[in-house]
Amino acid sequence: MSKPSLARGTRDFGPEQMAKRTFIFDTIRRSFQRYGFLPLETPAFENLSVLMGKYGEEGDQLLFKILNSGDFSGKLTEADWQAGSKPLTTKISEKGLRYDLTVPFARYVVMNRGTLAMPFKRYQIQPVWRADRPQKGRYREFYQCDADVVGTDSLLCEAEIVMLLHDILPALGIQDFTVKINNRKILTGIADMIGAHGMEGPLCVAIDKLDKIGKEKVVEELLERGFASDSIEKLEPIFSLSADEDPFTELKSWLAESEVALKGIQELEEVWAMVKILGLENAKIEFDVTLARGLSYYTGAIFEVKAHHVQIGSISGGGRYDNLTGTFGVPGISGVGISLGVDRIYDVMEELNLFPESQKTSTKVMISNFDEEAFTYGLSILPKFRKAGINSEIYPDSVKLKKQLDYADRKSIPFVVLIGSDEIQSGLLTLKNMKTGEQQKLKTEDIITLLNREDQ
C-alpha cells in the first residue's frame, strides 16, 4: 500500500497550531461583534454562473470546478471532447469551490435584499480555494476573515475600519503596525492630470511597487507600459510627498485642477477628522499616494495594513466599492470592507513570539488511575471539574504512574490529581503541579477553586 499524502497546496493543523489559530479567530470575531457586524456563512461551493467572469480571465482559470455527479460525460459527443477545455467545462461542471468571500456575499445580498436591515454589516470567517501554483506563503486552501458594510456611502464606515484594526491587532499583541490609506479618486485624478486619462490601471500597478523596486525601476516600467516621458516627469511629486502630520496640503495644490482628485482628498480628510473625534490616540494611520491594491475593484478609500520588523509585512487590505452587486443585475449598492490574512497574521505572531502561553483549548487537569477502586472514585469527581468549567480528563488504563505522568507531560497538562487508598479514605486528594513538581493535599472543592484562580 502506498503511503497517504496531502494534496499539494494544503496543510494539516495539529492541536498546537489549532489552539493558536483559534486564539486568532476568537479575538477577531469578538472585535467584529463589538462593532455591530453580524455573522454570515455561505456554502463551500457555488454555481459556476455566480463565480465565472467576476475575477477576470486569470481568476476563471484558478477556480476549482466540481465535476457533475453521476455519469458526467454520458451525453458528450466526439465534437465536445475535441472542442477544448473551456467549452467542455461548461458541459461537465456546473459548480465550483468559492474563490473569495466577496462574490458569495454579493450574491447573498442580492437574493435577500428585501429582508436585510440596511446598511447591512456582516463578517465572514471561512476557507476559500484557488487552483494556484503552491509556493511559500501561498496555499490552495486558506481562510479569509472579512468584515463589510453595504448599503451606505457614509465615511463613518471607513473611520470604523481604522478603529477596528486598532482594536484587533493590539488584542493579538501586534503593536507595531501602520494602516496605510489612499483613495481611488486621487489615483484617477493623477492619471488625468499627467495626460494619461483612463490609464490609472497600469499607472497604479507600477507605482504600487515603489517600495519594492524603487523609483528608477518604476519609471522604466511606466515607459514600457506606454506612458510618455513628459507624463512621467509630471509624476515627480508622487516620489517626494511627505507622509507627515498634514499630508494633504501639498497634494491639494498639486492636484488643484482635478475635481475628482480633490473629492478623494476631501473624503480622506473627513475620515482623519472622524478618527480623531472617535478618540483614537496615536492613530497609526498614514496616507500613501502609491497604494493601489486590486484596482479595478475599488472606487473610494483603499486600505493596507503593514506589520513592521517582520518578513511578510502586509497582513490586511480592503477598500470602498460602489457596485458590489451590479454583476448580479442590482446596481448601486455601495459598500466598504476589510479582509484580514489569518495565515499571515499567524506567521507574524510566530515570528514575534506573541502567542499567549496558556491556550484555553488544552486539558488543565488529569486524574490518575491506579486501580479499579481509584478509577471509580476518579470517575465520581471528574464531572465536578467539568461543571466548574475546567478542561479535565481521567487516564483510561491502570498502568504505572510514570506512564501516566509522561502522557500528561507530552500533552502539556499542568496539573495531575493523584488518587490512592489514603486519598480515598481521607477525602484529601494529592494535586501535583507538573511544572514545579510541588504536591499538596486538598479537598476536591479546594482544587477546583485553585485551578479556576489560575485562569484569572
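Two strands pair if DSSP finds at least two bridges between them. Helices (H or I, at least four residues) and strands (E, at least two) are DSSP runs, numbered from the N terminus. Keep both rules at hand for this tour.

**Before you click**

This is a predicted model: local features need pLDDT of at least 70, side-chain atom pairs count only at pLDDT 80 or more, and totals for chains, interfaces and linings use all residues. Residues are numbered from 1 along each chain as its sequence is written, and side-chain values use heavy atoms, with hydrogens and water left out.

**Whole protein**

Show the full cartoon. The protein has 19 helices and 16 strands. Its C-alpha trace spans about 90 × 70 × 45 Å along the principal axes. The radius of gyration is 28 Å, whereas a compact globule of 456 residues would have one near 23 Å. That radius is taken over C-alpha atoms, and the globule rule is 2.2 Å times the number of residues to the power 0.38.

Switch to the surface. It comes to about 24,100 Å² of accessible area, and 51% of this belongs to carbon and sulfur atoms. The areas come from the Shrake-Rupley method with a 1.4 Å probe; for residues, only the protein chains shown count as cover. Of the 456 residues, 46% count as buried. Buried means under 20% relative accessible area, exposed over 50%, and partly exposed in between (1.4 Å probe, protein chains only).

Now turn on contacts (heavy atoms within 4.5 Å). Take those between residues at least 6 apart in sequence: 66% of them join residues at least 24 apart.

**The open sheet**

Select strands 1, 5, 6, 11, 10, 9, 7 and 8. These 8 strands form an open sheet in the order 1-5-6-11-10-9-7-8, with mixed pairing. Strand 1 (38–39) and strand 8 (285–287) stand at the edges. Each has a single partner strand, so one side of each is left without a neighbour in the sheet. Strands of a sheet pair through backbone hydrogen bonds, either parallel or antiparallel.

Start at the strand 1 edge and pick proline 39. Is proline 39 buried or exposed? It is exposed, with a relative accessible area of 56%. Add arginine 29: the two residues are 10 apart in sequence, and their C-alpha atoms are 8.8 Å apart in space.

**Strands 5, 6 and 11**

Select residues 120–129 for strand 5 and 141–150 for strand 6. The two strands run antiparallel and are joined by 10 bridges. Look for tyrosine 123, which stands opposite alanine 147 in strand 6. Strand 6 is mostly covered, with 8 of its 10 residues buried.

Add residues 335–340, strand 11. Strand 11 pairs with strand 6 in the antiparallel sense over 6 bridges. Two pairs are worth labelling. Aspartate 146 stands opposite serine 339. Valine 149 has valine 336 as its bridge partner. Strand 11 is mostly covered too: 5 of its 6 residues are buried.

**Strands 10 and 9**

Step across to strand 10, residues 314–321. Strand 10 pairs with strand 11 in the antiparallel sense over 6 bridges. Serine 316 stands opposite leucine 340 in strand 11. Now find valine 305, which stands opposite serine 316 in strand 10.

Valine 305 takes you to strand 9, residues 301–307. Strands 9 and 10 run antiparallel and are joined by 5 bridges. Phenylalanine 303 stands opposite glycine 318 in strand 10. Follow the chain between the two strands. They form a hairpin with 6 residues between them, and histidine 309 in the turn has a positive phi of about 60°.

How many residues of strand 9 are buried? The count is 7 of 7. In a regular strand the side chains alternate between the two faces of the sheet. Show the side chains here. Ala301, Phe303, Val305 and Ala307 point one way, while Ile302, Glu304 and Lys306 point the other way.

Then add strand 7, residues 177–183. Strands 7 and 9 pair in the antiparallel sense over 7 bridges. Phenylalanine 177 has alanine 307 in strand 9 as its bridge partner.

**Last stop: helix 19**

Jump to residues 444–454, helix 19, and select threonine 444. Threonine 444 counts as buried because its relative accessibility is 5%. Which residues does threonine 444 touch, not counting those up to four places away in sequence? They are Ile381, Lys384, Phe385 and Leu429.
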